[in-house]
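Trainee: I should like to learn how to read the features of a protein model. May we take them in turn?

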Amino acid sequence: MRATAPVFQDDQSGSWHVFRYDDVQRVLSEHATFSSRMGGDNPSGTGQLFASSLITTDPPRHRQLRSLVTQAFTPKAVDALAPRIAGLTDELMAEIAGKGSADLIRDLAYPLPVIVISELMGIPSEDRERFKHWSDVIVSQTRILPASETQDSTTSEMVEYFLALIDQRRSRPGTDLISSLLAAEIDGQKLTVPELLGFCALLLVAGNETTTNLIGNAVLCLAESPGTLERLLSEPALVPQALEEVLRFRSPVQSMYRVAVADTVVGDQLIPAGAPIVAWIGSANRDGQQFQRAAEFDVDRNPNRHLAFGHGIHFCLGAPLARLEARIALEALLSRLPGLSVASGAQLERMDSSIVYGLKELPVT
Ligand code: HEM
């Protein structure tokens with residue numbers, strides 16, 4: 001598509017799709033021209049749930065909402081979580097070692113980020129299992145275009161759960177993120193309940209599936225790229241750089257959507273005001289105009305200006321946390337399972353989502 005139809009309209013849905021690095025970067029970052037606002041007519045559909053969240057808000061509200069949570073996700077604040085993340089990783093790895101073989105998604109890549117984000121949000125540990133189900137359903141239902149959002153019992157279940165948790169924290173505040181959001185004020189005004197719910201739902205989905213897939217995709221890239229595992233074993237300092245290449249080569253978030261605010265020319269196409277646009281991050285990250293040997297996985301790639309965490313004012317808030325969790329997980333895998341390989345004959349099936357790129361299971365030996 002980058003070569004033949006870099007800016008393309010899908011006649012059926014009327015939506016526009018952009019594939020080249022420069023165009024994707026522009027659509028993601030020119031927020032005055034490409035709005036992140038997302039509607040949803042259904043009052044209990046997934047679109048509605050995210051309609052008041054950071055990721056679907058434009059300035060000035062976006063800046064105000066983001067300022068409430070930036071402190072919790074600065075590199076310094078996140079670094080302070082490193083010992084806890086390392087401890088959790090050790091526990092999960094010890095269980096894997098006891099089994100001899102494992103499904104890396106189920107046994108490490110999924111539980112690690114869920115536990116970390118649950119602890120940050122003050123979610124009781126016995127409720128974590130329900131998160132997996134909710135975030136799986138939401139990821140598979142949240143299509144790239146708002147028009148296709150659907151209502152389902154999962155959304156209502158999750159909303160009920162968070163409403164109860166918010167009530168509980170209102171009466172008994174703790175040191176968690178939900179309690180600090182409840183206490184926060186913007187110009188003397190508290191956050192609305194839809195905004196609080198938007199934060200909870202966004203952190204649940206954004207903080208879980210994406211990091212799970214970064215860890216899973218990293219193992220897959222190592223398995224497919226001869227010599228890389230050995231290289232990282234002998235040079236562990238290369239792990240962060242290797243993870244940046246995984247983010248580029250197998251981007252956990254493949255696409256983000258925007259809406260054109262005014263008639264706008266992208267490439268040689270006129271996109272009319274109001275048109276939905278899908279910016280294909282996964283395609284931008286393989287654009288040969290931006291990356292030499294773009295189709296190759298190369299741990300030596302540096303600099304690596306991938307767009308896996310987005311670009312501009314909506315740049316991923318959780319990027320430092322995702323990078324830290326993935327680094328600790330990969331380092332633990334290398335030191336505890338140096339002979340790591342994907343189980344022979346394993347059928348690797350992709351998750352059912354047009355936004356998130358990752359595997360359902362990853363059996364390793
Ligand atoms: C935004 C990717 C992990 C929280 C984004 C965006 C991308 C992204 C592409 C930009 C959305 C846009 O432009 O509309 C990823 C990837 C991750 C990851 C690939 C893991 C490898 C996390 C984690 C958290 C998180 C761990 C939180 C704990 C957020 C939030 C936003 C966001 C809150 C919205 C920021 C805003 O609108 O200002 N992420 N993310 N993400 N991410 Fe992440």
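The dialogue below moves from the whole chain to its strands, its core, two single residues and the ligand.

Trainee: What should I know about the model and its numbering before I begin?

Mentor: This is a predicted model, in which local features need pLDDT of at least 70 and side-chain atom pairs count only at pLDDT 80 or more, while totals for chains, interfaces and linings use all residues. Residues are numbered from 1 along each chain as its sequence is written.

Trainee: How many helices and strands does the chain have?

Mentor: Helices (H or I, at least four residues) and strands (E, at least two) are DSSP runs, numbered from the N terminus. The chain here has 15 helices and 11 strands. Its radius of gyration, taken over C-alpha atoms, is 20 Å. The globule rule (2.2 Å times the number of residues to the power 0.38) gives 21 Å for 365 residues, so the chain is as compact as a globular protein of that length. The C-alpha trace spans about 60 × 55 × 35 Å along its principal axes.

Trainee: What share of the residues in the chain is buried?

Mentor: A residue is buried if 20 or more other C-beta atoms lie within 10 Å of its own, exposed if 12 or fewer, and partly exposed in between, with C-beta atoms placed from the backbone. By that rule, buried residues make up 44% of the 365 residues. One may also look at contacts, where two residues are in contact if their C-beta atoms, placed from the backbone, lie within 7 Å. Among contacts between residues at least 6 apart in sequence, 71% join residues at least 24 apart.

Trainee: Why is strand 10 described as largely enclosed?

Mentor: Strand 10 (residues 276-280) has five of its five residues buried, so the rest of the structure largely encloses it. In a regular strand the side chains alternate between the two faces of the sheet. Here Pro276, Val278 and Trp280 point one way, Ile277 and Ala279 point the other way, and all are buried.

Trainee: Which strands pair with strand 10, and in which sense?

Mentor: Two strands pair if DSSP finds at least two bridges between them. Strand 2 (residues 16-18) pairs with strand 10 in the parallel sense over three bridges, and Val18 has Ala279 as its bridge partner. Strand 7 (residues 255-260) pairs with strand 10 in the antiparallel sense over five bridges. Among the partners across that pairing, Ser255 is matched with Trp280 and Arg258 with Ile277.

Trainee: Is strand 7 buried or exposed?

Mentor: Strand 7 is mostly covered, with six of its six residues buried. Ser255, Tyr257 and Val259 point one way from strand 7, and Met256, Arg258 and Ala260 the other way. Strand 7 is also joined by two bridges to strand 3 (residues 34-35), running antiparallel, and Phe34 stands opposite Ala260.

Trainee: Which residues touch the most other members of the largest nonpolar core?

Mentor: In soluble globular proteins, nonpolar side chains tend to be buried together. A nonpolar core is a set of buried Ala, Val, Leu, Ile, Met, Phe, Trp, Tyr and Cys residues joined through C-beta atoms within 7 Å. Of the 96 residues in the largest one, Val18, Val24, Ile277 and Ala279 touch the most other members. Helix 11 contributes the largest share of this core, 16 residues. Leaving aside neighbours within four places in sequence, Val24 is in contact with residues including Val18, Ala279 and Leu307.

Trainee: Why do Phe249 and Leu88 count as buried?

Mentor: Phe249, found in helix 13, is buried because 26 other C-beta atoms lie within 10 Å. Beyond its neighbours within four places in sequence, Phe249 is in contact with Cys221 and Phe297. Leu88, in helix 5 (residues 82-99), is buried because 21 other C-beta atoms lie within 10 Å. With the same neighbours left aside, those within four places in sequence, Leu88 is in contact with Leu112 and Ile115.

Trainee: Which residues come nearest to the ligand?

Mentor: A residue is near a molecule if its C-beta atom, placed from the backbone, lies within 6 Å of it. Of the 25 residues around the ligand, Gly207, Thr210, Gly310, Cys316 and Gly318 come nearest. Helix 11 (193-224) and helix 15 (319-336) are the elements that give two or more residues to this shell, and helix 11 gives the most, with seven residues.
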